[in-house]
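Here's a quick briefing to read with the model open beside you. It goes from empty space to rings and then to one residue in a helix.

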Amino acid sequence: IHHSPWISQYIATHPLLLDDVLSLTKDYEPPDKADMQQQLFANHESIDDLEKFMDHLREFKHSQVIQIAAADIIQNYPIMKVSDHLSWLAEVCVDSALQYAYGELVQKYGEPQCVKKGESYIPEVLIVEYGKLGGLELGYGSDLDMVFLHNSVGEHCETTGGDKEDANKIHNDVFFTRLVQRTIHILSTVTTGGKVFDVDLRLRPHGESGPVITSLRAYEHYLLHDAWMWEHQALVRARSITRSDALANEFLSIREKILGIARKSQEVRESVVEMRNKMLGAKNHATGSEFNIKSSQGGVIDIEFIVQFLVLSYSKNHPKLTDHTDNIRILDACTEEGLLSASIAQELKEIYLRYRKYLHLLSLQLQPETISAEKFSNERDRVQKIWASLLHSVAA
């Protein structure tokens, strides 16, 4: 505990967690995703009150986070394992909140139903995870970048109340909009137990002006015809949360189709450099004597943009680049496909993991992401040179 002000502060805010930490041994392994699901859902059936459910979800999340953080410090847990556990935790919590909200709405309005080509079916929901969550690189305190989708399309789409009166029926669009709103309320409302996660929906089609949930068909149309290049960049690190294998496969097909569009490398290069320059010009990230590990030149974002440039430029002829969403395995795929030398890819991987490990350490020490420019000077120089060699321009 004394090694991390963040853990000390976390326990001070949630004192019931102290026993969780004191019971840990040096060889402690945090639970995997399946174990988390089992622990969380074990008591769900007995909770029929929203407030109690929200308290239960918060207690579970806090307990898991503190155990992951303790393992991180006690064992010097590998950074990729830490992020795996944090990402699994987020997925389990999001799925739990969604299922609870769904049950509430079904009880009130009945289950949504559709008829397509004369066949009736119950439409389902898929959540697209973007950013750190999508790339299995979640950190302590990270927001969740998500987009909600459904497959409610057909000749006749409105909820049927079953034995409910007709007055209780609502259109599926209304049902799913309320489902998203309820899910976000469960996750992000601050109670006496804190909150579970902040949710950011700004990557949805048409941004903040668009609906909070859309159909997979509309999502695909948007990405094909209306999306900006940077939205295709974001899709590189996109995964899905859903209990439907069919829906998950449909999303994967859409993602592969969009990433595999034939693009001229120079056009991708210009778009990526333009977006990077906009980000650098948006605010003063650091002074000449400082280095922001994420946003400064030669930092995390430059490596992420290099990866995204390679995926968007070459996936048409190298579909293996779309198999994964995390930067490490994409870099491996770039080497296997002959797009990067093994030495360059290895350098980028090692620097990227070094940056991320240090960012986790700064989080646990409650320190800012901007540090002395002397730190990581060699790494920064190498990233900038690799950037220049691939994109023929140093972001300015």
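How many cavities of 30 Å³ or more does the count come to? Just one. Keep in mind that this is a predicted model. In outline, the protein has 15 helices and ten strands, and 52% of its 396 residues count as buried. Take contacts between residues at least 6 apart in sequence: 75% of them join residues at least 24 apart.

**The enclosed space**

- The largest cavity holds about 50 Å³ of space.
- Its lining is made up of Tyr-130, Leu-203, Arg-204, Pro-205, Tyr-219, Tyr-222, Leu-223, Glu-231 and Ala-234.
- Sorted by class, that lining comes to seven nonpolar and two charged residues, with no polar ones.
- Two helices, helix 8 (216–225) and helix 9 (229–235), each put at least two residues into the lining of this cavity.
- Helix 8 is the top contributor there, with three residues.

**The open pocket**

- For the largest pocket, the volume is about 1400 Å³.
- It is lined by 42 residues, and the closest to its centre are Lys-132, Asp-145, Arg-237, Ile-301 and Glu-304.
- The lining of the largest pocket splits into 16 nonpolar, twelve polar and 14 charged residues.
- Helix 6 (131–134), helix 9, helix 11 (265–282), helix 12 (300–314) and helix 14 each give at least two residues to this lining.
- Helix 14 supplies the largest share of the pocket lining, at six residues.
- Helix 9 turns up in both places: it supplies at least two residues to the lining of the largest cavity and at least two to that of the largest pocket.

**Aromatic rings**

- The structure has eight aromatic pairs.
- One of them is Phe-291 with Tyr-355, a tilted pair at 5.9 Å centre to centre with 55° between the planes.
- That pair ties together distant parts of the chain, with Phe-291 in strand 9 (residues 290–292) and Tyr-355 in helix 14 (residues 342–364), 64 residues apart.
- Phe-291 is buried, at a relative accessible area of 0%, and Tyr-355 is buried with a value of 0% too.
- Tyr-355 also pairs with Phe-376: the ring centres are 5.2 Å apart and the planes stand at 90°, so this one counts as edge-to-face.
- This second pair links distant parts of the chain as well, since Tyr-355 is in helix 14 while Phe-376 is in the loop between strand 10 (370–372) and helix 15 (377–391), 21 residues away.
- Phe-376 is buried, just like Tyr-355.
- Add Tyr-358 and you have one aromatic cluster of Phe-291, Tyr-355, Tyr-358 and Phe-376.

**Charges over rings**

- Phe-376 has the charged end of Lys-375 over its ring, 5.4 Å from the centre.
- Elsewhere, Lys-61 lies over the face of Phe-197, at 4.7 Å from the ring centre.

**A buried glutamine**

- Gln-64 belongs to helix 4 (residues 50–74).
- Is Gln-64 buried or exposed? Its relative accessible area is 2%, so it counts as buried.
- Leaving aside residues up to four places away in sequence, Gln-64 touches Pro-31, Met-36, Gln-39 and Leu-89.

Terms used:
Residues numbered from 1 in each chain as written. Predicted model: local features only at pLDDT ≥ 70, side-chain atom pairs only at ≥ 80, totals over all residues. Heavy atoms only, no water. Helix = DSSP H or I, 4+ residues; strand = E, 2+ residues; numbered from the N terminus. Buried < 20%, exposed > 50% of the residue type's maximum accessible area, 1.4 Å probe, protein only. Contact = heavy atoms within 4.5 Å. 1 Å grid on protein atoms, 1.4 Å probe; cavity = no way out; pocket = protein on both sides within 12 Å on 5 of 7 lines; lining within 4 Å. Points joined across faces, edges and corners; volume = space filled by probe spheres on them. Nonpolar A, V, L, I, M, F, W, Y, C, P; charged D, E, K, R; others polar. Phe/Tyr/Trp six-rings, centres within 6.5 Å; stacked < 30°, edge-to-face > 60°. Lys NZ or Arg CZ within 6 Å of the ring centre and 35° of its normal.
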